[in-house]
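Ready to work through a protein chain one exercise at a time? Have a look at the sequence and the 3D view, then try each task before reading its solution.

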Amino acid sequence: MGVTISPSDYTSIAPNYATGHGYYTDLTQVASMLQVPAFTDDTYPSREQVGQIIKRVEGIVDEKIKRSFR
């Protein structure tokens with residue numbers, strides 16, 4: 001029988017993809033990794049678009065490893 005929850009599963013992360021904050025990363029870390037200025041509502045992609053990209057990639061990661069850390 002598999003374990004469905006453990007004490008280490010708790011997270012205080014409050015994802016909000018509309019503002020670019022996902023479970024695994026946020027728009028600040030993405031901008032830092034890409035070495036570009038911070039994303040805003042006036043940039044392309046916007047904060048909301050970056051949030052949707054983060055959400056899509058989190059889904060790909062979860063599917064590939066067959067486990068969700070969300």
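## Exercise 1: A residue in the loop

Take Gln 35 and decide whether this residue is buried, partly exposed or exposed.

*Solution.* Start with the number: Gln 35 has a relative accessible area of 73%. The cut-off for exposed is over 50%. Gln 35 is therefore exposed. Keep in mind that we're working with a predicted model. Next, find Gln 35 on the chain: look in the loop between H1 and H2. One more thing to spot is the backbone, since Gln 35 has a positive phi of about 55° without being a glycine.

## Exercise 2: The overall picture

Work out which secondary structure the chain has, and what share of its residues is buried.

*Solution.* First, go through the elements: there are two helices and zero strands. Helix H1 covers 27-34, and helix H2 takes in residues 47-65. Then turn to burial: 20% of the 70 residues count as buried. As for the surface, the chain exposes about 5,600 Å², with 57% of that supplied by carbon and sulfur atoms. Finally, consider contacts with a separation of 6 or more: 50% of these link residues 24 or more positions apart.

## Exercise 3: The core

Find the residues that make up the largest nonpolar core, and say which element gives the largest share.

*Solution.* Begin with the members, seven in all: Tyr 17, Leu 27, Val 30, Ala 31, Phe 39, Val 50 and Ile 54. Now sort them by element: H1 and H2 are the ones that give two or more residues to this core. H1 supplies the largest share, with three residues. To zoom in, pick Val 30: leaving out residues up to four places away in sequence, Val 30 touches Thr 25, Phe 39 and Ile 54.

## Exercise 4: Two faces of a helix

Explain why the buried residues of H1 are on the same side of the helix.

*Solution.* Step one is to list the buried residues of H1, namely Leu 27, Val 30 and Ala 31. Step two is the arc: they span only 100° around the axis, so they sit on the same side of H1. Step three is to ask what covers them, and the answer includes H2. Last, check the face turned away from the buried side, where you'll find the exposed residues Thr 28, Ser 32 and Met 33.

## Exercise 5: Two serines

Compare Ser 12 and Ser 46: which is buried and which is exposed?

*Solution.* Ser 46 has a relative accessible area of 14%, and the cut-off for buried is under 20%, so Ser 46 is buried. Ser 46 belongs to the loop between H1 and H2. Apart from neighbours within four places in sequence, Ser 46 is in contact with Thr 40 and Asp 41. That loop also holds Pro 45, which is joined to Tyr 44 by a cis peptide bond with omega about 0°.

Ser 12, in the segment before H1, is exposed, with a relative accessible area of 64%. The C-alpha atoms of Ser 12 and Tyr 23 are 9.7 Å apart, and these residues are 11 apart along the chain.

## Exercise 6: A nonpolar patch

Say which residues form a nonpolar patch on the surface, and how Val 61 counts in terms of exposure.

*Solution.* The patch consists of Tyr 24, Ile 53, Val 57, Ile 60, Val 61 and Ile 65, with about 460 Å² of accessible area together. Val 61 lies in H2. Its relative accessibility is 36%, so Val 61 counts as partly exposed.

Definitions and conventions: Residues numbered from 1 in each chain as written. Predicted model: local features only at pLDDT ≥ 70, side-chain atom pairs only at ≥ 80, totals over all residues. Heavy atoms only, no water. Patch = residues over 30% accessible without salt bridge, like charges linked within 9 Å, V, L, I, M, F, W, Y side chains within 5 Å. Areas by Shrake-Rupley, 256 points an atom, 1.4 Å probe, with all protein chains shown as cover. Salt bridge = Lys/Arg side-chain N within 4 Å of Asp/Glu carboxyl O. Helix = DSSP H or I, 4+ residues; strand = E, 2+ residues; numbered from the N terminus. Buried < 20%, exposed > 50% of the residue type's maximum accessible area, 1.4 Å probe, protein only. Contact = heavy atoms within 4.5 Å. Core = buried A, V, L, I, M, F, W, Y, C linked by side-chain atoms within 4.5 Å. Arc of directions from axis to C-beta.
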